[in-house]
Amino acid sequence: MVSRSDPKLEIMQLILEEKYPEALKKLTDILKKEPNNKQLKMLLFDIYYNMGNVNRAIDVAIETSQALLDEGFYDTVIGYLKKVTYYVKHPGLYKVLFRALTKRGLDYEAFQALIDFCKYAIEKHKYLKEAENFLDIVIDLSPIPSLAEEAKRLKKALQAKGQ
């Protein structure tokens with residue numbers, strides 16, 4: 001059992017015990033005192049997601065990762081969003097992930113992330129307009145010819161679905 005003297009450790013313990021409403025209350029109380037604590041804000045995604053409030057979880061993840069990106073914490077954003085996008089596919093998350101990856105010079109991974117999102121969007125028939133925009137970005141800007149060609153094929157598949 002984790003010591004209850006450290007509120008941050010207590011929140012982690014509550015999450016591990018799946019006591020999400022209690023963890024959320026404690027976390028929001030701490031965030032009132034530490035509103036700029038990005039590590040704590042990253043925990044909000046886990047709590048909201050596990051409570052079934054996926055839209056709020058996405059909003060928190062985008063807001064937190066964008067703030068970290070603006071502060072230059074590219075690797076933190078990349079690691080965080082790779083975890084988040086494992087659970088949730090949303091164009092806003094992929095926009096920030098793409099920016100973080102390109103800031104780190106990871107062009108192949110950046111454009112591949114957009115393509116992966118587009119494959120999901122086409123398969124699930126969700127976010128098709130955003131997928132089309134992402135495919136245009138890959139086609140127009142990717143320095144990797146094979147990714148640009150894959151994006152062209154996906155765009156044809158998207159158009160064939162009658163978007």
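A nonpolar core is a set of buried Ala, Val, Leu, Ile, Met, Phe, Trp, Tyr and Cys residues joined through side-chain atoms within 4.5 Å. In this predicted model, the largest such core has 55 residues, and Leu27 and Leu81 make the most contacts inside it. Helix α7, residues 107-124, gives the most to this core, contributing ten residues. The protein chain that holds the core has nine helices and zero strands.

**Overall architecture**

- Read along the sequence, the protein chain follows the pattern α-α-α-α-α-α-α-α-α.
- The C-alpha trace of the protein chain spans about 55 × 30 × 25 Å along its principal axes.
- Of the contacts between residues at least 6 apart in sequence, 47% join residues at least 24 apart.

**Burial, surface and charge**

- The protein chain comprises 163 residues, of which 44% count as buried.
- In soluble globular proteins, nonpolar side chains tend to be buried together.
- The protein chain exposes about 8,900 Å², and carbon and sulfur atoms supply 51% of that area.
- There are 26 positive and 23 negative side chains in the protein chain, and the centres of the two sets lie 2 Å apart.

**Leu27 and its contacts**

- Leu27, one of the two residues with the most contacts inside the largest nonpolar core, touches Ile11, Leu40, Leu43, Leu44 and Ile47 when residues up to four places away in sequence are not counted.

**Helix α5 and its packing**

- Helix α5 covers residues 74-87, a run of 14 residues.
- From its first C-alpha to its last, α5 reaches 20 Å, close to the 20 Å expected at 1.5 Å a residue.
- The buried residues of α5 are Val77, Ile78, Tyr80, Leu81, Val84 and Thr85.
- An α-helix has 3.6 residues a turn, so residues three or four places apart point the same way.
- The buried residues of α5 pack against three helices, namely α3 (38-51), α4 (54-70) and α6 (91-103).
- Leu81, buried in α5, is the other residue named with Leu27 for the most contacts inside the largest core.

**Lys25 in helix α2**

- Lys25 lies in helix α2, which covers residues 20-33.
- Lys25 is classed as exposed because its relative accessible area is 51%, and the cut-off for that class is over 50%.
- Lys25 and Ile11 are 14 residues apart along the chain, and their C-alpha atoms are separated by 9.3 Å.
- Ile11 is also one of the residues that Leu27 touches.

Notes: Residues are numbered from 1 along each chain as its sequence is written. This is a predicted model: local features need pLDDT of at least 70, side-chain atom pairs count only at pLDDT 80 or more; totals for chains, interfaces and linings use all residues. Side-chain values use heavy atoms; hydrogens and water are left out. Buried means under 20% relative accessible area, exposed over 50%, partly exposed in between (1.4 Å probe, protein chains only). Helices (H or I, at least four residues) and strands (E, at least two) are DSSP runs, numbered from the N terminus. Contact means heavy atoms within 4.5 Å. The expected span of a helix is 1.5 Å times one less than its number of residues. Accessible areas come from the Shrake-Rupley method with a 1.4 Å probe; for residues, only the protein chains shown count as cover. Lys and Arg count as positive and Asp and Glu as negative; His and the chain ends are not counted. The place of a charge is taken as NZ of Lys, CZ of Arg, CG of Asp or CD of Glu.
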